[in-house]
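Let us walk through a protein chain together, one step at a time. Have the sequence and the 3D view ready, and pause whenever you want to find a residue for yourself.

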Amino acid sequence: MARNVTKRNKRCRGHQKAISKKKSHSSSESGLRNYSLYINRVLKEVVPQKGISSRTIDIINTMINDMFERISTEACNLMYYRKRCTLTPEDIEKAVYLLLPEKLAKYAVAFGKEAVQRYVRS
């Protein structure tokens, strides 16, 4: 299932140098984040009397990281197709609509917009 990854020379409009993806060498897991604390908080908020195993948390954490990677990759592709150098919220919204089912995408975009507005206000 591994596919060949070809190095594309992506150039922004008006720039001479090709855009390259730089990897951070600071973390050993290549940038993957751990959301176990947040998973537990949300679970306790929704169902206070239930617990969750560490194996299940690992699976959910992997799923979150995978979806984040897919959305960011698709948003970057949309940005390059539009020949833009800046990733905009519209690119991310369109990526979510392309990757998730219709109803789930609507809720995800609505909650995402609300979270960004709360962050900007604080």
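We begin with the overall layout, then turn to confidence, the core, the salt bridges and the surface.

What you see is a predicted model. How many helices and strands does the chain have? There are four helices and two strands, and if you travel from the N terminus, the elements come in the order β-β-α-α-α-α. The chain has 122 residues, of which 15% count as buried. Its accessible surface is about 10,900 Å², and carbon and sulfur atoms make up 56% of that area. Contacts tell you how the chain meets itself: among those with a separation of 6 or more, 37% are between residues 24 or more positions apart.

Before looking at details, it helps to ask how far to trust them. The average pLDDT of the chain is 81, and 75% of the residues score at least 70. Where is confidence lowest, and where is it highest? The lowest mean, 50, belongs to strand S2 (residues 18–19), while helix H2 (residues 54–81) has the highest, at 94. Two stretches deserve caution. Over residues 1–9 the pLDDT stays under 50, and the model shows two contacts there beyond four places in sequence. Residues 23–28 also stay under 50, with zero contacts beyond four places in sequence. Where pLDDT is low, the predicted coordinates should not be read in detail.

Now let us go inside. In soluble globular proteins, nonpolar side chains tend to be buried together. In this model, the largest nonpolar core has eight residues: Ile71, Ala75, Leu78, Ala95, Val96, Leu100, Ala105 and Val109. Helices H2, H3 and H4 each give two or more residues to this core, and H2 gives the most, with three. Take Ala75 as a stop on the way. Leaving out residues up to four places away in sequence, Ala75 touches Leu87, Asp91, Ile92 and Ala95. Another residue to find is Met67, which lies in helix H2. Is Met67 buried or partly exposed? Met67 is partly exposed, because its relative accessible area is 21% and buried means under 20%. Met67 and Leu100 are 33 residues apart in sequence, and their C-alpha atoms are 9.6 Å apart in space.

Next come the charged side chains, which form four salt bridges in this model. One of them joins Arg70 and Asp66, with N and O 3.2 Å apart. These two residues sit four residues apart in helix H2, so about one helical turn separates them. Both partners are partly exposed: Arg70 has a relative accessibility of 46%, and Asp66 has a relative accessible area of 34%.

A similar spacing appears in helix H4, where Glu114 and Arg118 are four residues apart, about one turn of the helix. Their side chains meet in a salt bridge with an N to O distance of 3.9 Å. Glu114 is partly exposed, at 38% relative accessible area.

Which parts of the chain does the salt bridge between Glu93 and Lys113 link? First, find the bridge itself: the closest N and O atoms of Glu93 and Lys113 are 3.9 Å apart. The pair links distant parts of the chain, with Glu93 in helix H3 (residues 89–99) and Lys113 in helix H4, 20 residues apart. Glu93 counts as partly exposed because its relative accessible area is 23%. Lys113 is partly exposed too, at 44%.

Let us finish on the outside. In the loop between H2 and H3 you can find Lys83. The phi angle of Lys83 is near 60 degrees, a positive value in a residue other than glycine. Why does Lys83 count as exposed? The reason is its relative accessibility of 59%, since exposed means over 50%.

Our last stop is a nonpolar patch on the surface, formed by Val116, Tyr119 and Val120. Together these residues have about 370 Å² of accessible area. Val120 is placed in helix H4 (residues 102–121), and its relative accessibility of 62% is why it counts as exposed. So, in this chain, nonpolar residues are found in a core and also in a patch on the surface.

Definitions and conventions: Residues numbered from 1 in each chain as written. Predicted model: local features only at pLDDT ≥ 70, side-chain atom pairs only at ≥ 80, totals over all residues. Heavy atoms only, no water. Patch = residues over 30% accessible without salt bridge, like charges linked within 9 Å, V, L, I, M, F, W, Y side chains within 5 Å. Areas by Shrake-Rupley, 256 points an atom, 1.4 Å probe, with all protein chains shown as cover. Buried < 20%, exposed > 50% of the residue type's maximum accessible area, 1.4 Å probe, protein only. Contact = heavy atoms within 4.5 Å. pLDDT = per-residue confidence, 0-100. Core = buried A, V, L, I, M, F, W, Y, C linked by side-chain atoms within 4.5 Å.
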